[in-house]
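Biologist: Could you take me through this model step by step? Please explain the terms as you go.

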Amino acid sequence: MPQKTDHKPRARTGSGEARWGHALALDATPQAQPLYVQIAEAISADVRRGVLRPGQALPGSRSLARDLGVHRNTVLAALRELEKQGFLMTEPARGTRISEQLPVQPLAPSVRARGLADFPVPRAPSFRVMATPPGHFTLLGGVPDLRHVPTAALARAYRRALGRRANLGYGDPAGSAALRAGLATMLARTRGLALTSDDLVVTRGSQMALDLVARALLRPGDVVAVEGLGYRPAWEALRATGAQLVPVPVDEHGLQVDRLAALAERVPLRALYLTPHHQYPSTAVLGAPRRLQLIALARQHRFALIEDDYDHEFHYEGRPILPLAARAPESVAYVGTLSKVLAPGLRLGWLVAPSPLREAIIARRSVVDRQGDLVLEEALAELLDEGEVARHVLRMRGLYEQRRDFMVERLREIFGETLSFTVPRGGMALWARVRGVDVDRWAEAAASRKVLVQPGRLFSFDRRARPFLRLGYGAHDETELARAIALLNQARHSL
Ligand SMILES: Cc1ncc(COP(=O)(O)O)c(C=O)c1O
């Protein structure tokens with residue numbers, strides 16, 4: 001039997017050392033080439049492919065030998081051979097490096113890339129989300145304060161869930177039954193949704209829920225109405241199906257339903273995507289009369305309502321308004337997330353939709369990523385069951401409300417007429433109209449002082465500038481907010 005083992009040299013970084021990380025399968029059978037020749041050939045092949053570049057340092061012979069599982073003399077023999085051929089140079093102080101004068105010409109990037117580079121591919125979303133850079137004040141609307149996440153309780157629950165071996169197997173693509181039951185109870189209690197666990201699908205964040213609903217519901221050419229100022233990641237998921245999006249204006253009471261009614265008279269609407277609880281980004285709450293009018297319209301014209309209820313928990317003035325899904329479940333695909341309640345990195349969201357749409361969504365989910373992180377889902381089910389999530393929400397609601405009030409006061413004090421806004425009734429951000437300052441330049445100047453804010457352009461359907469800033473107050477305490485606001489002021493005066 002030939003013995004083939006995969007030797008995986010560890011990737012290395014730092015001090016310009018080569019990352020030599022491909023899986024090298026050394027053949028140790030008697031009829032194979034000597035090991036040192038195999039190693040030398042692998043290195044020279046990587047030089048030709050441009051994986052290893054002139055001047056880059058190779059890991060030391062000892063660590064190479066360890067990683068490859070061979071004797072150090074074997075590595076030294078390979079390196080001597082490569083040096084003889086002109087692939088390597090060794091200097092006493094600098095160790096072994098890839099030669100600057102190679103005996104072969106590495107393949108040009110265009111040649112290496114040929115193949116997929118020439119393929120005609122469909123249009124990709126003209127949009128990419130970014131990681132939040134560390135060390136910044138993130139006044140980005142809707143980022144929670146991760147320092148308060150009950151990680152110790154989550155870690156304990158996770159460990160217990162990991163101990164239940166069934167959680168490591170293939171599970172239900174609709175998500176953990178325990179978590180669906182926990183979420184159904186939470187949604188019934190807090191939002192008046194009459195649900196059982198069978199009505200829910202657990203997803204990796206609401207983004208996946210939006211994508212699944214879009215693909216299960218929409219065909220190329222379908223017309224979907226969206227809020228004229230709104231949430232671009234959702235628009236891109238809708239657009240990816242080939243649907244045509246039509247913006248409908250929003251005002252201080254949310255979506256202008258009269259304008260939607262006029263649109264529905266003119267074109268066959270398939271769906272409306274909206275954020276009625278705290279309109280994103282303006283934070284406006286869609287009032288009761290507009291809600292009733294909207295539901296009547298959806299029933300009359302038979303279009304679907306895709307309701308994104310991303311931060312329902314954080315409402316400060318009076319009781320939260322019940323979702324559209326509580327009044328008209330038959331017309332609504334209801335999407336929610338734990339990204340604000342707990343943390344976006346957990347990637348846990350859900351959707352509620354009437355069957356057979358729900359069945360189609362589960363079938364699609366099965367071919368996208370089979371199932372979610374069952375261990376995490378079970379751990380979260382435990383936290384929901386024990387009341388840990390409810391306690392966390394209560395704590396954070398109080399904290400965010402205080403931060404909102406602090407932010408409102410400070411902004412008024414420092415910016416006066418430059419910023420005007422209505423105090424948001426909920427959420428983790430406020431939406432301010434800007435007078436006399438170019439918002440895009442202001443946001444840029446703030447970013448260079450490590451304060452991240454979002455200018456109106458990011459939310460406008462046509463990507464044109466709008467004289468607004470969305471300012472989040474969730475992620476930082478009052479001392480930090482004060483500092484961030486001072487830097488924002490400096491940025492304004494630098495323009
Ligand atoms: C309107 C809206 N929907 C959904 C989300 C949450 O997305 P996810 O659950 O994919 O983290 C956000 C977060 O910023 C949002 O602003």
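Biologist: Leaving aside neighbours within four places in sequence, which residues is Arg425 in contact with?
Modeller: Arg425 is in contact with Val285, His315, Tyr316 and Glu317. Two residues are in contact if their C-beta atoms, placed from the backbone, lie within 7 Å. Please note that this is a predicted model, in which local features need pLDDT of at least 70, side-chain atom pairs count only at pLDDT 80 or more, and totals for chains, interfaces and linings use all residues. Residues are numbered from 1 along each chain as its sequence is written.

Biologist: Where is Arg425 placed?
Modeller: Arg425 is in the loop between β15 and β16. Helices (H or I, at least four residues) and strands (E, at least two) are DSSP runs, numbered from the N terminus. The C-alpha atoms of Arg425 and Thr283 are separated by 7.7 Å, although these residues are 142 apart along the chain.

Biologist: Why does Arg425 count as partly exposed?
Modeller: Arg425 is partly exposed because 18 other C-beta atoms lie within 10 Å. A residue is buried if 20 or more other C-beta atoms lie within 10 Å of its own, exposed if 12 or fewer, and partly exposed in between, with C-beta atoms placed from the backbone.

Biologist: And Asp369, buried or exposed?
Modeller: Asp369 counts as exposed because it has 12 C-beta neighbours inside 10 Å. Asp369 lies in the loop between α12 (357-368) and α13 (374-385). From Asp369 to Arg204 the C-alpha distance is 9.8 Å, with their positions 165 residues apart in sequence.

Biologist: Back to β16. What is the order of strands in its sheet?
Modeller: The order is β15-β16-β19-β18, an open sheet of four strands with antiparallel pairing. Two strands pair if DSSP finds at least two bridges between them. The edge strands, β15 (419-420) and β18 (454-455), each pair on one side only. Five bridges join β16 (residues 429-434) to β19 (residues 468-472), and Leu430 stands opposite Leu471 in β19.

Biologist: How is the chain divided into domains?
Modeller: The parts are domain 1 (4-98), domain 2 (137-141 + 392-493) and domain 3 (149-390). These bounds come from an automatic or database domain assignment. The C-alpha centres of domain 2 and domain 3 are 26 Å apart. Their contact takes 21 residues from domain 2 and 22 residues from domain 3. On the domain 2 side, α14 (388-415) and β16 are the elements that give two or more residues, and α14 gives the most, with seven.

Biologist: Now the interior. How many residues does the largest nonpolar core have?
Modeller: The largest core has 82 residues, and Val213, Ala271, Leu272 and Leu351 have the most contacts inside it. A nonpolar core is a set of buried Ala, Val, Leu, Ile, Met, Phe, Trp, Tyr and Cys residues joined through C-beta atoms within 7 Å. A second, separate core of 32 residues includes Phe421, Trp431, Val453 and Ile485. In soluble globular proteins, nonpolar side chains tend to be buried together.

Biologist: What does Val213 touch, apart from neighbours within four places in sequence?
Modeller: Val213 is in contact with Ile306, Ala333, Val335, Leu351, Ala353 and Ile361.

Biologist: Finally, how many residues surround the ligand?
Modeller: There are 13 residues around the ligand, and the closest are Gly205, Ser206, Gln207, Thr337 and Ser339. A residue is near the ligand if its C-beta atom, placed from the backbone, lies within 6 Å of it. Helix α7 (residues 205-217) gives the largest share of this shell, three residues.
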